[in-house]
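Me: Hey, I've just opened this one and I'm new to it. Can you walk me through a few spots?

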Amino acid sequence: MFYSIFVPLINHFTALNIFKYITFRAGYAMVTALILSFLLAPVIIKWLQKWQAKEKIRTDGPQTHLAKEGTVTMGGIIVLVCTIIPTLFWARLDNYYVLLALFATVWMGAVGFLDDYLKAKRHMRKGLVAKYKLVGQIILGCLVGGTIYYFGDSQYANMTMIPFVKNYSLNYSHWYIYIPMVILVITATSNAVNLTDGLDGLAIGLMAIAASAYALICYSMGRVTTAEYLNIFNLPGSGELAIFCFSIVGASLGFLWFNFHPAKVFMGDTGALALGGALGTVAILTRTEILLVVIGGVFVLEVLSVILQVGSFKLRGKRVFKMAPLHHHYELKGWAEETVVVRFWIVGILFALIALTTFKIR
């Protein structure tokens, strides 16, 4: 919005030229998101408390979690609002990358909100039935995949970069290969973030790390000289996604203020599914679906721990971990919750740095 308002006035007020720079707008999008979080979170938390949107704690998990019974959930509303508003303020609203990312975030946020509402207000223990969540994810995947395939950059519309390899990429060739891949990425990423959201501050901190990495990637791909230097895809307009990503970073850090142990509010599926959908969509838009596995390495490990646990129990009747997902395993080994969270953040930073080095080591 600010771009559309101030850039046409540059000829009259040259100082407004600063609004043309993505770096300026991205930085202030993050600041705006952070300040909005501090202002809106207390208000929304009080509203959720009055609305009796409280978390039901599973009794078969770590016993220390029972003290969290009654903590308000659906705090993902805070993250959504504080991501969307700064993006609308600071990004170009004629940019299809931004519009598609916002659409995916709102869509998955709505699916998550319905799930949280059924659990918190209608007291349905399982919330939205899994198959209905899957339907929402599949529809979104079809819409995102179809839009990119038919209306995206014709040169790279159905391609994916391969990390560490120069001048080679995957070409999906046909819509019936590309669109299922998009569905898989969005579904897997949104579920992975949701699965990781089991400790105070864990998922939201990892999202801030992943979104920071993707902000740098989006900015690099949007600049011709940088893309040529790094020998990566040049996607004109994708730099605006850096503003969206930094809005996520600011909103995540602001939410973390209230979500770190002992949490005053939980994201719930409203935030976890929305952020996972946003992360998956940004990866698809930047043709870095494979790299997402590295950037979101902790999310991947969490999912793998569940798959291994279930598979081992069904095949051998034995568990691999004390409890899955992985963060609960370390809790039951005696690690304090804060220790698990901070150490997982450190591993998340390591994965993000490794992912970023792939742009130079090619």
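Me: Let's start with F244. Which residues does F244 touch, leaving out those up to four places away in sequence?
Reply: F244 touches T83, T87, A101, L102, T105, A278 and V282. Keep in mind that this is a predicted model.

Me: Which helix pairs up with α9 through F244?
Reply: That would be α10. On the α9 side the contact is made by L241, F244, C245 and I248, and on the α10 side by L275, A278, V282 and L285.

Me: What stretches are those two helices, and how do their axes sit?
Reply: Helix α9 covers residues 241-259 and helix α10 covers residues 268-285. Their axes come within 12 Å and cross at roughly 155°.

Me: So what do you call that, parallel or antiparallel?
Reply: Roughly antiparallel. Angles over 145 degrees count that way, so the roughly 155° crossing qualifies.

Me: And the handedness of the crossing, left or right?
Reply: α9 passes α10 in a left-handed crossing.

Me: OK, zooming out. Which residues touch the most other members of the largest nonpolar core?
Reply: L48, Y178, Y214, F244, I295 and F359 do, out of 108 residues in that core. So F244 turns up here as well.

Me: Which helix gives the largest share of this core?
Reply: Helix α7, residues 202-222, with 14 residues.

Me: Is α7 mostly covered or mostly open?
Reply: Mostly covered, as 17 of its 21 residues are buried.

Me: What length should α7 have, and what does the model give?
Reply: At 1.5 Å a residue, its 21 residues should span 30 Å. The end C-alpha atoms of α7 are 31 Å apart, which agrees.

Me: Changing topic: where does S312 lie?
Reply: S312 is in helix α12, which runs over residues 297-316.

Me: Buried or exposed?
Reply: S312 is buried, because its relative accessible area is 9% and buried means under 20%.

Me: What does S312 touch further along the chain?
Reply: Beyond residues up to four places away in sequence, S312 touches G317, K318, R319 and V320.

Me: Last one, V7. Where is V7 found?
Reply: V7 sits in the loop between α1 (2-6) and α2 (22-50).

Me: Why does V7 count as buried?
Reply: Its relative accessible area is 17%, and the cut-off for buried is under 20%.

Me: What does V7 touch, and how far off is F24?
Reply: Not counting residues up to four places away in sequence, V7 touches F2, F19 and K20. V7 and F24 are 17 residues apart in sequence and 13 Å apart in space, C-alpha to C-alpha.

Terms used
Residues numbered from 1 in each chain as written. Predicted model: local features only at pLDDT ≥ 70, side-chain atom pairs only at ≥ 80, totals over all residues. Heavy atoms only, no water. Core = buried A, V, L, I, M, F, W, Y, C linked by side-chain atoms within 4.5 Å. Buried < 20%, exposed > 50% of the residue type's maximum accessible area, 1.4 Å probe, protein only. Helix = DSSP H or I, 4+ residues; strand = E, 2+ residues; numbered from the N terminus. Contact = heavy atoms within 4.5 Å. Expected span 1.5 Å × (residues − 1). Axes fitted to C-alpha atoms, helices over the stretch in contact; angles between N-to-C directions. Parallel < 35°, antiparallel > 145°, perpendicular 65-115°, else oblique. Left-handed = near helix turned anticlockwise from the far one by under 90°.
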